[in-house]
Amino acid sequence: MPKLDLSQIPFQGGSGYPGKLAKAGDGRFVQRVGDAGGLTQYGVNIVRLEPQGMSALRHYHMEQDEFAIVLSGMCTLIDDDGEHEMLPGDCAAFPAGEANGHHLVNKTDAPATFLVVGTRTPTETGYYSDIDMMVKFDADGFSFTRKDGSPLTAEQIGDDG
């Protein structure tokens, strides 16, 4: 049956960022509803941000489109043009290849949720606007490097990375 029971799809926390950068995922929980429904051509996730949580480090995608709509609470979209308050029903689109680093932050004292939809491509390169970091992924997984492709430094990721 195509109808999904959201109560049966767990929220997962954490981050794939290396070392101390992983702390950016604290306060972010993702419910992978597209995966639960068997979707393979694009991802659909409900993201819950706890107070002071952020969706990701500010980034942009070279190959994948991304779309977000706030479902509950209030988020602040931070992009290259500044800060934009987003309430339920407000949405934002991030076309592939547009170098506009973005993320959503919950600056309130109550949880907020948003739905995010994104293209799934066999490969991807993403850039992080506020730090010297790039991510690449393919069928073998993902890797983080500096934007020029050299390894991340101990200063960037800390001793626990």
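Two strands pair if DSSP finds at least two bridges between them. The views below come from a predicted model.

**View 1. Strand 10 is joined to strand 3.** These two strands run antiparallel, with eight bridges between them. One bridge to look for starts at N45. Its partner in strand 10 is V116. Strand 3 covers residues 42-49, and strand 10 covers residues 112-119.

**View 2. Strand 10 is also joined to strand 5.** Here six bridges link the two strands, again in the antiparallel sense. E66 has G118 of strand 10 as its bridge partner. V70 stands opposite F114, another residue of strand 10. Strand 5 spans residues 66-72.

**View 3. Six strands make an open sheet.** Read across the sheet, the order is 1-2-3-10-5-8. The pairing is antiparallel. Strand 1 (11-13) and strand 8 stand at the edges. Each has a single partner strand, so one side of each has no neighbour in the sheet. On average, neighbouring strands are turned by 25 degrees against each other, direction ignored.

**View 4. Three strands make another open sheet.** The order is 7-6-9, and the pairing is antiparallel. Which strands stand at the edges? They are strand 7 (82-86) and strand 9 (103-105), and each pairs on one side only. From one strand to the next, the twist averages 30 degrees.

**View 5. Strand 6 pairs with strand 7 and with strand 9.** Strand 6 (residues 75-79) meets strand 7 over five antiparallel bridges. The two strands form a hairpin, with two residues between them. C75 is bridged to M86 of strand 7. Strand 6 is joined to strand 9 by three bridges, and these strands also run antiparallel. There, T76 stands opposite V105.

**View 6. Strand 6 is covered on both faces.** Are the residues of strand 6 buried or exposed? Five of the five are buried, so the strand is largely enclosed by the rest of the structure. Buried here means under 20% relative accessible area. C75, L77 and D79 lie on one side. T76 and I78 lie on the other.

**View 7. The largest nonpolar core holds 14 residues.** V47, L49, C75, L77, M86, L104 and F114 touch the most other members. Several strands give two or more residues to this core: strand 3, strand 5, strand 6, strand 8 (91-94) and strand 10. Strand 10 gives the most, with three residues. Two residues from earlier views return here: C75 and F114 are both in the core. C75 is the bridge partner of M86, and F114 stands opposite V70.

**View 8. The largest pocket has a lining of 42 residues.** About 1,200 Å³ of space lies inside this pocket. Which residues lie nearest its centre? They are R28, R32, N45, H61 and Q64. N45 also appears in View 1, where V116 is its bridge partner. The lining is mixed in character: 19 residues are nonpolar, 16 are polar and seven are charged. Strand 10 gives the most to this lining, with five residues. Strand 10 therefore links several of these views: besides lining the pocket, strand 10 gives the most residues to the largest nonpolar core and sits between strand 3 and strand 5 in the six-stranded sheet.

Notes:
Residues are numbered from 1 along each chain as its sequence is written. This is a predicted model: local features need pLDDT of at least 70, side-chain atom pairs count only at pLDDT 80 or more; totals for chains, interfaces and linings use all residues. Side-chain values use heavy atoms; hydrogens and water are left out. On a 1 Å grid over the protein atoms alone, a cavity is a set of points where a 1.4 Å probe fits but cannot get out, and a pocket is an open set with protein on both sides within 12 Å along at least five of seven lines; lining residues have an atom within 4 Å of a point. Grid points are joined across faces, edges and corners, and a volume is the space filled by probe spheres set on the points. Helices (H or I, at least four residues) and strands (E, at least two) are DSSP runs, numbered from the N terminus. Ala, Val, Leu, Ile, Met, Phe, Trp, Tyr, Cys and Pro count as nonpolar, Asp, Glu, Lys and Arg as charged, and the others, Gly among them, as polar. Axes are lines fitted to C-alpha atoms, for helices over the stretch in contact, and angles run from 0 to 180 degrees between N-to-C directions. A nonpolar core is a set of buried Ala, Val, Leu, Ile, Met, Phe, Trp, Tyr and Cys residues joined through side-chain atoms within 4.5 Å. Buried means under 20% relative accessible area, exposed over 50%, partly exposed in between (1.4 Å probe, protein chains only).
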